[in-house]
Amino acid sequence: MELKKAEITGFGHYRNQIFEFLSDNQLFYGNNEVGKSTLYQFILAMLFGFTKKSSKKKDYTPRDGAAYGGRLWLNVEPYGEVLVERYRKINRGKAKLFIEGEEKDEKVLDEILAPLNKTVFQDVFTFQQEQLSQIDRLQEKELQASLISLGITGSQQLMEKIQAYQKESQRLFKPRAKKLTLNQQLKEWQELRETIQQQEAEEENVQKAYQKIAHFDQKIQELSEKQRKEQAEEKEINQKKSHWPLYEEWQELRSMKKSDIAEKDQKELRRFYHEYQDLTEKIQKKEDELAQLEQGQESDRYFFYLDHEKEIQDLLHLDVPIMRLIDEEQNLLQEKAKIEPMLQELKQKWGWSQENPPQNLATSVDSSIDQVEQLGEQISQKELHIQWLKERKQSVEEEIDQLEKKYPELLNAKETQKGPLYLFSGTGIAFAVAGLFLTMPLNLIAFALAIICLATAALKGYQKKNPSSQVKPAWQEKLLQLDSYSEEILKEENNLQNLQQQEQKTNTILQTAFGHQNTEQTWRMLAQTYRADQEKYEKAEANYASLQNQLTAAKKQHDDLESRFQFLAEWLPLANKELPEKKTTVEKFAAQMQETKMSRLQQPSTLLAQQLKQDRETRDSLFTDYAALLERFGLEQPTEIPLWLKQWEARQKKIARKEELAAILGPIFPQDISYTELTQGLAENQTNQEEIQEQINGLLEEKQRLQLQVEYLQKNGTLDMLYQEENRMLSEIHETALKWSTNQLLVAFLSDLATELSEQQLPQLLKQASYYFALLTNHRYQQVTLIDGLINAVTQEETFGIYELSTGTKDQLIMALRFAYLFMQKDRRISPVIIDDGWLHYDSTRKENLAKLLAEFGENYQVICLSSDKEMVSYYQRLAQSVIKF
């Protein structure tokens, strides 16, 4: 990669400045503060991005508000010319890349420059006095290592990284250490592993318990499915039971068959009856008239009749309306009598009335019912849990009682046996002291007694101290378990009391909603019964109100008809008579008055008798014509027709009712059934459901016991928590071990890399470094060697260690090694070499020699020197090298 041109829009004190670079050796000359380092920092920013602002670093942001950044042209194989554009406030300071006019992003720039990065560019291809002066502060061996690192890699970071990784690894783990991170983690994991193994031994039946729980779940699921089928069957039976009155009515009507009489024949019979009845009435009237004419009586009643003849004739045509009204009133009263007992029963059952009608159950009632059921289930579980805890507590109490009976000294907190202990000890000491002053054989007896007393005292002390020492930890653990069970029982009883209070509160709310207490069935069944009764009550109430309205209308019609007879009350005996009787009385009165009228119109009765005869013949002829029709209907006399028509209409209504009931009840009653069978089926269904529920409850209880046992084991043993803790520890150990092993691998890799680089490149590196070092020192030193890991400078006469060299000679040696390494990388042409006043300790001769080296080195590399040294300018001009002034 070569630099072609730099266009600085704004950077430091530069504004719209352009610098062009040559492909070989060149010197940019200018006075101090002219901007040599600024140009270097601009190239660095264009290639690798702007540095973050810091109080320890110079800020190159333009103070006049100019755009911070610019453009840099490069020549990179195999891409050709590449333009890099970067501004701090555009695209967050990221670079734009243009290759043959096509825009690319910053990632492509990183790929093009690779393996060159900011660190390599600064440490390998940049020569600054600060890098060279760091060598002076090193000791001899560190100096040798630094020189090798600079010669091979361009910096001493490799050696520093190896040392850093070694230190970090030693802080993590050592084979015999105890307090290091990985050592402590391994020790804690081993202790936890022992705890887990003990806990697994205690909980070996947990897996079997889980298998039993799974088996219980399967059985409960099967029973629940069977229960759902029973509930569906119960719903069907209850539906049949609720429709039983209609079913009985349907059964009564099923035997009734549809009449085979055509509608046309029925209408023909009705028409015949009306004609026959009209003729009969006409004949009857004429007969009455004829009889009246023959009597010839007159009265005031006749004149009243003449005044109200039209009204009386109208009353005579009320036969059909009166009969229909009476039939309708009777039917309505019968329907009303059927509904009233049912309404009264529902009112007594639920306390309903006109002032307090039934209300629809709110959704909150269903929520309360669900809550009561959930609370009931939770209370049942809590009671089972408390019962199980009490059983466990009782078992622990029995174990404690056994231990305390076996080792009563566990209960004795004071040293009650100190007296005998001190007595035997004192006696033994007294005998021993006495034996010292007595003569043979008394002293032997005294010593023997002393030994016996002291042995007895020691035995007493051991018996006092040791019998319960082995069981005391177990006894104390049992006491802690007993306290734990007591606390948990108290806690669960408080929770149970809270649940019972919630249940009581919810029951009170439901009692208020339903209006009475529920003691015979569940709230859900009561809600279903309530809704069914409510629907039945509202339907019956609506029917009752409809019947009442119809009765009111019929009564009004009845009163209207009664009022029409009122004007005859003074002339006819109508009091306390029903409408048909009143009509009959009026008919007689009208007939009498009509006869009187006829007698007054003409006295001769011959014409009237002839008309009467003719009407009778017409009636007989009509009867003869319809005799076959009457015979077909099974009638002998026309007077039987009204009753037959009434019966026929009633039969048609029943047939229609049968078809209506068949459409409703056919799906509900696919087969015939008796009420006894229905009741027995419901009882058997409820019994089956109770048995299934008992089986489910038993399985749930067993399942809950197992779950509580497993939960308790997991709660106390907390295998899951121990496993989680082990996983956490293993994760931490893995992370620490991975970090330690990574450091070890990196140390080994970097060490091998340094060794390999030294072995492969060191001979050639030293050869080229010797050439450059001889050139820089004007051939005073001919060779650079590495003996026993130490770099030496060799003259014709003797060899010098690096610590024996002057500061300027050290700089020349380091410069020679750096240029030797770069010479070995000439074929790759990774980056140009930039030197920023890197000859601080050089005299005139050394500067001239450095200029010669740069001129020769520029044949293979692009070399850019930044300097304010006029003397170096003269050497460049003498060697025909390019000098560019700022």
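**Sheet, helices and unusual torsions**

Visitor: Which residue in strand 14 does Leu27 stand opposite?
Guide: This model is predicted. Strand 3, residues 25-29, pairs with strand 14 in the parallel sense, over four bridges. Leu27 has a partner across that pairing: Val883.

Visitor: Which helix packs on the sheet and touches strand 3, strand 13 and strand 14?
Guide: Strand 13 covers residues 863-867. The helix in question spans residues 870-878, and its direction makes about 145° with that of strand 3. That is helix 27.

Visitor: Which strands are at the edges of the five-strand sheet?
Guide: The sheet is open, its pairing is parallel, and its order reads 8-12-13-3-14. An edge strand here pairs on one side only. That leaves strand 8 (126-128) and strand 14 (882-885).

Visitor: By what angle are neighbouring strands of this sheet turned against each other on average?
Guide: The order 8-12-13-3-14 sets the neighbours. Ignoring direction, their average turn is 20°.

Visitor: Which helix lies across strand 8 and strand 12?
Guide: Strand 12 is residues 833-836. The helix covers residues 807-824 and runs at about 175° to strand 8. It is helix 25.

Visitor: Are helix 25 and helix 26 roughly parallel or roughly antiparallel?
Guide: Helix 26 is residues 844-857, and its axis lies 12 Å from that of helix 25. The packing angle is about 0°. Angles under 35 degrees count as roughly parallel. The two helices are therefore roughly parallel.

Visitor: How many nonpolar residues does the contact of helix 25 with helix 26 have?
Guide: Helix 25 brings residues including Met815, Phe819 and Leu822; helix 26 brings Leu850 and Phe857, among them. By class, three residues in the contact are polar and one is charged, while the nonpolar ones number eight.

Visitor: Which residue does a cis peptide bond join to Glu77?
Guide: Most peptide bonds are trans. Here omega is about 5°. The partner sits in the loop between strand 4 (69-76) and strand 5 (80-87). It is Pro78.

Visitor: Is Asn91 buried, partly exposed or exposed?
Guide: Asn91 is in the loop between strand 5 and strand 6 (96-99). Its phi is near 55°, a positive value in a residue other than glycine. Its relative accessible area is 45%. Buried means under 20% and exposed over 50%, so Asn91 is partly exposed.

Visitor: What is the phi of His779?
Guide: His779 is placed in the loop between helix 24 (719-776) and strand 9 (783-787). The residue is not glycine, yet its phi is positive: near 65°.

Definitions and conventions
Residues are numbered from 1 along each chain as its sequence is written. This is a predicted model: local features need pLDDT of at least 70, side-chain atom pairs count only at pLDDT 80 or more; totals for chains, interfaces and linings use all residues. Side-chain values use heavy atoms; hydrogens and water are left out. Two strands pair if DSSP finds at least two bridges between them. Axes are lines fitted to C-alpha atoms, for helices over the stretch in contact, and angles run from 0 to 180 degrees between N-to-C directions. Contact means heavy atoms within 4.5 Å. Angles under 35 degrees count as roughly parallel, over 145 as roughly antiparallel, 65 to 115 as roughly perpendicular and the rest as oblique. Ala, Val, Leu, Ile, Met, Phe, Trp, Tyr, Cys and Pro count as nonpolar, Asp, Glu, Lys and Arg as charged, and the others, Gly among them, as polar. Buried means under 20% relative accessible area, exposed over 50%, partly exposed in between (1.4 Å probe, protein chains only).
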